[in-house]
Amino acid sequence: MSPKSLCLMIGLALSVFAGSLALAHPPSQIAVSFDPETSLLVIRVIHSVPNPQGDHYIDEIRVFLNGKEVILQRFFSQSSAQEQQAQYLVVDAKKGDVLEVFAHCNKFGDRKAQLTVE
């Protein structure tokens, strides 16, 4: 293979790779609410994708209580084309505690949100 052909093939491979990353993006927002009476934590990870059952989705949500990881859930698809939803019982959370939610996109990026229990 000539050096010119090799450079052309490498350039083509890099442009295909860069194109797939251009479509990837981290979650745009995380909406978190907690009901202390029911201990229910409700999470909405806003992440618009063209095909939520395809190859681009929120693949992981982690929940931390006062810095300690208490929940790890992995996903293989997304709830809808607009968001990933999750609900968890966090029975140990009490007034003043800090809940932190971490969401990860399987292609690129992540986002965190924090809530203080009232």
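**Exercise 1. Follow the salt bridges around E60.**

Solution.

Step 1. Start with R74: its side chain makes a salt bridge with E60, and the closest N and O atoms lie 3.3 Å apart. (A salt bridge is a side-chain nitrogen of Lys or Arg within 4 Å of a carboxyl oxygen of Asp or Glu.) R74 belongs to strand β4 and E60 to strand β3, so this pair ties together parts 14 residues apart in sequence. (Strands, E, of at least two residues, and helices, H or I, of at least four, are DSSP runs numbered from the N terminus.)

Before going on, note that the model is predicted: local features need pLDDT of at least 70, side-chain atom pairs count only at pLDDT 80 or more, and totals for chains, interfaces and linings use all residues. Residues are numbered from 1 along each chain as its sequence is written, and side-chain values use heavy atoms, leaving out hydrogens and water.

Step 2. Add R62. Its side chain meets E60 in a salt bridge of 2.8 Å, N to O. R62 also forms a salt bridge with E69, again at 2.8 Å, N to O.

Step 3. Join the pairs. E60, R62, E69 and R74 are linked in a salt-bridge network. The whole structure holds six salt bridges.

**Exercise 2. Sort residues of this network by exposure.**

Solution.

Step 1. Set the cut-offs. Buried means under 20% relative accessible area, exposed over 50%, and partly exposed in between (1.4 Å probe, protein chains only).

Step 2. Apply them. E60 has a relative accessible area of 12%, so E60 is buried. R62 is buried too. E69, at 33%, counts as partly exposed. R74, at 52%, counts as exposed.

**Exercise 3. Which residues does I71 contact, leaving aside its neighbours within four places in sequence?**

Solution.

Step 1. Locate I71. It is found in strand β4, residues 68–74. I71 is buried, with a relative accessible area of 14%.

Step 2. List the partners. I71 is in contact with I61, R62, V63, Y88 and V90. (Contact means heavy atoms within 4.5 Å.)

Step 3. Check one pair. I71 and Y88 are 17 residues apart along the chain, and their C-alpha atoms are separated by 8.4 Å.

**Exercise 4. Describe the largest nonpolar core.**

Solution.

Step 1. Define it. A nonpolar core is a set of buried Ala, Val, Leu, Ile, Met, Phe, Trp, Tyr and Cys residues joined through side-chain atoms within 4.5 Å.

Step 2. Count. The largest one has 21 residues. Those with the most contacts inside it include I43, Y88 and L99.

Step 3. Find the sources. The elements giving two or more residues to this core are β1 (29–35), β2 (40–46), β3 (58–65), β5 (83–89) and β6 (98–105).
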